[in-house]
Amino acid sequence: MSLRGFLDVCNAETIAGWSWNPDDAGEAVYVELFDGDVFLAAIRADTFRKDLLDAGIGDGRHAFEFCIPRSRLDGMTHRVSARARSCPADGFFELTGSPQPAVWRAAPANNSAPVRILGPFPSRYPWQIEYAGLESGEIVVRGWLLAREPRESIAVYLNRAPFDHFEYSPRNENHLFHNRQDASFLGFTARRAIGHEELLENGAALVEYVDAASGDALYDGQNFYLPRDLFGTPAVPGTDAIRRIAGRERADLFLLEGYTAYRKLENILHETAGRTFADAANVLDWGCGCGRLMRYLARPSEVLAGAAQWTGADIDAESIAWCRSHLTGDFVVLPLLPPSPLPDHHFDLILGVSVLTHLNEETQRLWLEELQRVSRPGAILLLSYHGEASVERSAFSTEWVDAWLSRGFDAGIVDHALDQVISEKSYYRAAFHTTGYIHQNWSKYFEILAIKDSVISNHQNLAILKRR
């Protein structure tokens, strides 16, 4: 059976995603939805979505959407799962991203409802790019943003200048930011007529969410950088490997988010530690997956190629095999738990993006000790974690948030993204840290130089650490 698909949206209003059979694109595919063990609905996945067409998912007519009945909005956390079947049925396929937790509660009726401010940064207005491409001589960028009021006070810029055309579209996920009553959750499409070389004249294109009056980025930690290979035909891993590291199967977003993270890490390293990637002699990309960062870190065209050694390491042996065949650097398969084969006191720069976001408390402790062992005195570590902004997007119940804020950590949700490549199915989890927890616990192993909020994927925080 070759069914594929993804559970994209799971919230208090909608369950949505897509599924198709690449071996028979005309075949009827149905998606069955469950609330725990309770059957909700069976829906044919045949609605058109342009992003699916753009991503090469058949003719784009493979989406589905289910609206939660108001009678089920009980304020409780539900475990929603989705599985696809062909017609006639020859078995089931659990959609990628399924199951997901969702709090089924009605949106606040008015602005006088109690509001919880989770983070220390209420001025942040998060946003995301979901597509960027050249179409008939235009650069087209689509995404969503949390728009402060009045909307005329904000804009999206390309290479420090406005787009030629910019329009909003309604989005139905306000519950994710129900504590932001000064803003609206909106989709957008932006276009500008521009040639390929002009677009990339500085090596990459810069896209910013800005204050319209000044043209300054609302928060430069959430800028996007469009790499040259986004508009070419680069070698990329298979869709399964991309999904395991990025949560989605789209190669374009894999490239966009990988290069954007690379540029942000480079900027933050210089800002907080006064160093550049080129200063490092031995660099470890811990949790490299299929090379989302390493493809930019160690490529010969970069100044970084002067580093003595670039090492990528991961528990995903299939992804490491792909990296060894296609990328520059040394690649190491890691065990689920230390000790690892990495040498003592070897690395003077360690990057750990979206790793400690997926480990339980004891496993994190063991790996922090291991990173301490393999890093040199004075080494810099850039480690991301799910903090307040990540929780804000997750629509957890008030009870969950209260418990998390009190304890500082939670990893109660199993993430099944790596099930096909690791033996221990409960190993990989969704882990959330408060910044206070980071200061109290990670400081046992490293000096904390700074915390940068909402930078990786525009919601993960980044801890900048130094080996004592």
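Is Glu361 buried, partly exposed or exposed? Glu361 counts as partly exposed, because its relative accessibility is 31%, between the limits of 20% and 50%. The model you are looking at is a predicted one, and Glu361 is a handy place to begin a walk through its charged pairs, its nonpolar cores and a few backbone details.

## A salt bridge between two helices

The side chain of Glu361 meets that of Arg407 in a salt bridge, with 2.5 Å from N to O. Glu361 belongs to helix H7 (residues 361-374) and Arg407 to helix H9 (residues 398-407), so this pair ties together parts that lie 46 residues apart in sequence.

As background, side chains of opposite charge can pair when their charged atoms come close. Searching the whole structure turns up 25 salt bridges, and two others are worth a visit.

## Two more charged pairs

Let's turn to Arg83 and Glu32, whose side chains form a salt bridge at 3.5 Å, N to O. Here, too, distant parts of the chain are linked: Arg83 sits in strand S7 (residues 76-86) and Glu32 in strand S3 (residues 29-35), 51 residues apart. Arg83 counts as partly exposed because its relative accessibility is 29%, while Glu32 counts as buried because its value is 11%, under the 20% limit. Salt bridges with shared partners also bring in Arg85, joining Glu32, Arg83 and Arg85 into one network.

Glu208 and Arg160 make another salt bridge through their side chains, at 2.8 Å from N to O. Glu208 is in strand S16 (residues 204-211), and Arg160 is in the loop between strand S12 (154-158) and strand S13 (161-162), so the pair ties together parts 48 residues apart in sequence. The two partners have their own settings: Glu208 counts as buried because its relative accessibility is 2%, whereas Arg160 is exposed because its relative accessible area is 59%, over the 50% limit.

## The nonpolar cores

Away from the charges, the largest nonpolar core has 73 residues, and Trp127, Ile139, Leu226 and Leu265 have the most contacts inside it. Helix H4 (residues 251-273) supplies the largest share of this core, with 10 residues. There is also a second, separate core of 36 residues, which includes Leu284, Leu342, Leu383 and Tyr428.

Which residues does Leu265 contact, leaving aside its neighbours within four places in sequence? The partners of Leu265 are Phe277, Leu293, Leu351, Val353, Leu382, Ile456 and Leu462.

## Backbone details to look for

Most residues other than glycine have a negative phi, and most peptide bonds are trans. A few places in this model are worth a look with that in mind. A cis peptide bond joins Ser98 to Pro99, with omega about 0°; Pro99 is in the loop between strand S8 (92-94) and strand S9 (100-104). Another cis peptide bond joins Glu149 to Pro150, with omega about -5°. Pro150 lies in the loop between strand S11 (138-148) and S12.

Positive phi values turn up at His345 and Asn458. For His345, phi is near 45°, and the residue is in the loop between strand S20 (330-333) and strand S21 (347-352). Asn458 has phi near 60° and is found in the loop between strand S25 (447-456) and strand S26 (460-466). Their surroundings can be told apart by accessibility: His345 is partly exposed because its relative accessible area is 44%, while Asn458 is buried because its value is 2%.

Note on methods:
Residues numbered from 1 in each chain as written. Predicted model: local features only at pLDDT ≥ 70, side-chain atom pairs only at ≥ 80, totals over all residues. Heavy atoms only, no water. Core = buried A, V, L, I, M, F, W, Y, C linked by side-chain atoms within 4.5 Å. Buried < 20%, exposed > 50% of the residue type's maximum accessible area, 1.4 Å probe, protein only. Helix = DSSP H or I, 4+ residues; strand = E, 2+ residues; numbered from the N terminus. Contact = heavy atoms within 4.5 Å. Salt bridge = Lys/Arg side-chain N within 4 Å of Asp/Glu carboxyl O.
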